[in-house]
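Q: Please take a close look at one part of this model, namely how its helices pack, and follow that packing into the interior. A connected account would help me most.

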Amino acid sequence: MRVILPMPGNEAMAGALSERLDAELGVLEWRRFPDSEAYVRIASEVRGKRVHIVCTLANPDPQMLTLVFAAAAARECGAESVHLVAPYLAYMRQDRRFNAGEALSATHFARLLSQNFDSLVTIDPHLHRISSLDALFSIPTHVGAAAPLLGEWIAQNVDAPLVIGPDQESEQWAAEVARSAGAPHVVASKLRIGDEQVRVELPDLRAWSGRRPVLTDDIVSSGRTMIEASRVLAARGMAKPYCLAIHAVFAPGAFDHLAELSERVVTTDTIAHPSNAISIVHTLARLIAS
Ligand code: R5P
């Protein structure tokens, strides 16, 4: 027997998963004490059951302790096993020490999750210099790919698309998205000057002048990557781009800024956001059931 247990803010995704899997939807009671410490209670019967805690980690610092308490409480209540479903997995980008003394957040975060869960299901973690989550996690990990879904969306909604990856790292997603969309793709190069400053250089696009640019990336965070790429496209006289991303992290102000420069911003529902138009529920459900 499975119980799908939502952390606060993950009720819609957990509800969709429980329906898809025909599994019980559990209840977690949560609140903050006046001093801001967290109160957590598993309000469903989990004894002898596989518990899948759903928590997209878009805001990991305030979420983490509550998540660890929920996993511990589920075990104390007799759960057979406790699994994490994190459609968006945070802290994967600091996978290397760029300056002496920096914390290797990807490693430490993965260790913390491995200590508290029996397995992890996620969608397109940002793996750059590390090729597999297995290099970071000591528990089984199951990774779903959203690129085919983005490709399908493009095929159904955009005439004559040209898929553009805004930086070298996006090649892995852009190529797969383009293949699924039946469209050509190119990749730009990006120089990150600071957290909120990037320079994007596009290749020669004259051969594609009649096509609609579709910028495709895994994450939009500050939005600078897509914003700069959209500006460069405008300067080249191209049509306004569609901006497609898997994870709608969106720092404050980023979405509005990007929306002004693009035809439409489209994301998957790994993180709930008004731009969500592509559902990854089926992909997650398949991985949970496997
Ligand atoms: C970079 O490595 C990622 O693939 C994204 O391009 C990046 O995280 C986007 O960040 P931002 O929206 O802050 O430019």
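**Helix packing and the nonpolar core**

A: The crossing of α6 and α7 is left-handed, and, as with everything described here, this is read from a predicted model. Helix α6 covers residues 224-235 and helix α7 covers residues 254-261, and the two pack at an angle of about 20° with their axes 10 Å apart. Because angles under 35 degrees count as roughly parallel, α6 and α7 are roughly parallel to each other. On the α6 side the contact is made by R224, M226, I227, S230 and R231, which face A254, H257, L258 and L261 of α7. Sorted by class, the residues of this contact are 5 nonpolar, 2 polar and 2 charged.

A second helix pair can be described in the same terms. Helix α2 (residues 60-76) and helix α3 (residues 105-116) have axes that come within 10 Å and cross at roughly 20°, and α2 and α3 are therefore also roughly parallel to each other. The crossing in which α2 passes α3 is left-handed. From α2, the residues P60, M64, L67, V68, A71 and R75 meet F109, L112, L113 and N116 of α3, and the contact of α2 with α3 divides into 8 nonpolar residues, 1 polar and 1 charged.

This second pair leads into the interior. The largest nonpolar core has 40 residues, and those touching the most other members are I53, L57, L67, L113 and F137. At least two residues each come from β1 (2-6), β4 (38-42), β5 (50-54), α2, β6 (81-86) and α3, with α2 giving the most, 7 residues. L57 can be followed residue by residue: leaving aside residues up to four places away in sequence, L57 touches Q63, L67, L84, A86, Y88, L89, A90, F109 and L113. Apart from this core lies another, of 35 residues, with L17, A183, L284 and L287 among them.

One more residue of α2 deserves a separate word. F69 has its place in helix α2, yet its relative accessible area is 38%, so F69 is partly exposed, given that buried means under 20% and exposed over 50%. Although F69 and A38 are 31 residues apart along the chain, their C-alpha atoms are separated by 8.9 Å.

Conventions: Residues are numbered from 1 along each chain as its sequence is written. This is a predicted model: local features need pLDDT of at least 70, side-chain atom pairs count only at pLDDT 80 or more; totals for chains, interfaces and linings use all residues. Side-chain values use heavy atoms; hydrogens and water are left out. Axes are lines fitted to C-alpha atoms, for helices over the stretch in contact, and angles run from 0 to 180 degrees between N-to-C directions. Helices (H or I, at least four residues) and strands (E, at least two) are DSSP runs, numbered from the N terminus. Angles under 35 degrees count as roughly parallel, over 145 as roughly antiparallel, 65 to 115 as roughly perpendicular and the rest as oblique. A crossing is left-handed if the near helix is turned anticlockwise from the far one by less than a right angle, and right-handed if clockwise. Contact means heavy atoms within 4.5 Å. Ala, Val, Leu, Ile, Met, Phe, Trp, Tyr, Cys and Pro count as nonpolar, Asp, Glu, Lys and Arg as charged, and the others, Gly among them, as polar. A nonpolar core is a set of buried Ala, Val, Leu, Ile, Met, Phe, Trp, Tyr and Cys residues joined through side-chain atoms within 4.5 Å. Buried means under 20% relative accessible area, exposed over 50%, partly exposed in between (1.4 Å probe, protein chains only).
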